[in-house]
Structure formats: C-alpha cells, structure tokens
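Reader: I would like to go through this model with you and ask, term by term, what each label rests on.

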Amino acid sequence: MINVVALTGRLTKDIELRYTANGSAVSSFTLAVNRQFTNRNGDREADFINCVIWRKAAENLAKYTHKGSLIGLDGRVQTRTYDNPEGKRMYITEIVVNNFSLLEPKPKGQGAPVDVADNELPF
C-alpha cells in the first residue's frame, strides 16, 4: 500500500514544542496550503491541514521557523480515534511528518535555505 503526502504551505502559528514522558520531542501544527484554483470571487482559498512531527525534526522545526514560514514537507496520513469525556468517539486525521524543508531564504548573512532530510540538519 502507498501512503505518501507532500505539501507546501505556511505555518499558521509558532511551533509549540512538547516532550513525552520518555523525553521524545513532539509538536502538532497546522499548515495552510493554498488551493490551485480561485473561487467565484477570484479569491484563492486554503486548506488547513493538521500535522504532527517527532523527535529531532520537531526540535529543528521549532528552532528554525515561526508563524508564516513557508515550508515543504513529506510524510504519511494517519487516522486515530479516542473517546471524549461525553463518551463520543472522536476521529482525528493528520499528517505524520517525516522530513521538512525551509523554502524561504534566510535573512541576510545566514546562508542558503535549509533542507532537512532524515530528521537532521545539514550543518
């Protein structure tokens, strides 16, 4: 089976890094991805896609990005469920990020854009 996702979009807010009980870094974030077409009024709409990133990649994403940063990512679609306090089954669909790339140039004097593969920075 194939479960591969590639997205390019902007972060809707700064990354909030958390750590699990065993010390693994994790962050959930939303990526705003523009649609390829415009609506009746000529406006471009966007989809807001929930994503989760783990370990060193999560730390790097939090360190090198901010609200509005343009990033590319690849990962997989994951669906999970839980029962809320009222006993209703809730479904969550999100992208589990494998790798990301910063797609905007760094401010002057800070070098080339960063491409993150296998959860490691190239510098």
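Reader: Which residue in the turn of the hairpin that β3 and β4 form has a positive phi, and how many residues lie between the strands?

Author: Gly-42 in the turn has a positive phi of about 85 degrees, and five residues lie between β3 and β4 in this hairpin. Please keep in mind that this is a predicted model, in which local features need pLDDT of at least 70 and side-chain atom pairs count only at pLDDT 80 or more, while totals for chains, interfaces and linings use all residues. Residues are numbered from 1 along each chain as its sequence is written, and side-chain values use heavy atoms, with hydrogens and water left out.

Reader: What makes β3 and β4 a pair of strands?

Author: Strands (E, at least two residues) and helices (H or I, at least four) are DSSP runs numbered from the N terminus, and two strands pair if DSSP finds at least two bridges between them. β3 and β4 are joined antiparallel by ten bridges, so the requirement of at least two is met. As one example, Asn-34 has Ala-46 in β4 as its bridge partner.

Reader: How do you know that β2 also counts as paired with β3?

Author: Strand β2 covers residues 18–19 and has two bridges to β3, in the antiparallel sense, so the cut-off of at least two bridges is satisfied. Arg-18 stands opposite Val-26 in β3. The hairpin of β2 and β3 has five residues between the strands, and Gly-23 in its turn has a positive phi of about 95 degrees.

Reader: Which strands does β5 pair with, and over how many bridges?

Author: Six bridges join β5 to β1 in an antiparallel arrangement, and 13 bridges, also antiparallel, join β5 to β6. Ile-71 takes part in both pairings, being the partner of Gly-9 and having Leu-102 in β6 as its own partner. In the hairpin of β5 and β6, Gly-87 takes a positive phi near 85 degrees.

Reader: What is notable about the phi of Arg-55, and is this residue buried or exposed?

Author: Arg-55 has a positive phi of about 55 degrees although it is not a glycine. Most residues other than glycine have a negative phi. Arg-55 lies in helix α1, residues 55–64. Buried means under 20% relative accessible area, exposed over 50%, and partly exposed in between, with a 1.4 Å probe and protein chains only; Arg-55 has 52%, and is therefore called exposed.

Reader: Why is a group of residues called a nonpolar core, and which residues have the most contacts inside the largest one?

Author: The name applies to a set of buried Ala, Val, Leu, Ile, Met, Phe, Trp, Tyr and Cys residues joined through side-chain atoms within 4.5 Å. The largest such core has 19 residues, and those with the most contacts inside it are Phe-29, Leu-31, Ile-53, Ile-71 and Leu-73. At least two core residues come from each of β1, β3, β4, α1, β5 and β6. Contact itself means heavy atoms within 4.5 Å, and among the residues that Phe-29 touches are Leu-11, Ile-49, Leu-61, Ile-71 and Val-97, with residues up to four places away in sequence not counted.

Reader: What makes the contact between Glu-45 and Arg-35 a salt bridge?

Author: A salt bridge requires a side-chain nitrogen of Lys or Arg within 4 Å of a carboxyl oxygen of Asp or Glu. For Glu-45 and Arg-35 the N to O distance is 2.9 Å, so the pair qualifies. Glu-45 lies in strand β4 and Arg-35 in strand β3, so this pair ties together parts that are ten residues apart in sequence.

Reader: Which other salt bridge does Arg-35 form, and how exposed is Arg-35?

Author: Arg-35 also forms a salt bridge with Asp-47, with the closest N and O atoms 2.6 Å apart. This pair ties together parts that are twelve residues apart in sequence, because Arg-35 is in β3 and Asp-47 is in β4. Arg-35 has a relative accessible area of 28% and is partly exposed, as are Glu-45 at 32% and Asp-47 at 30%.

Reader: How many salt bridges does this rule give?

Author: The count comes to five. One of them joins Asp-83 and Arg-89, with the closest N and O atoms 3.0 Å apart. Arg-35, Glu-45 and Asp-47 are joined into one network by salt bridges that share partners.
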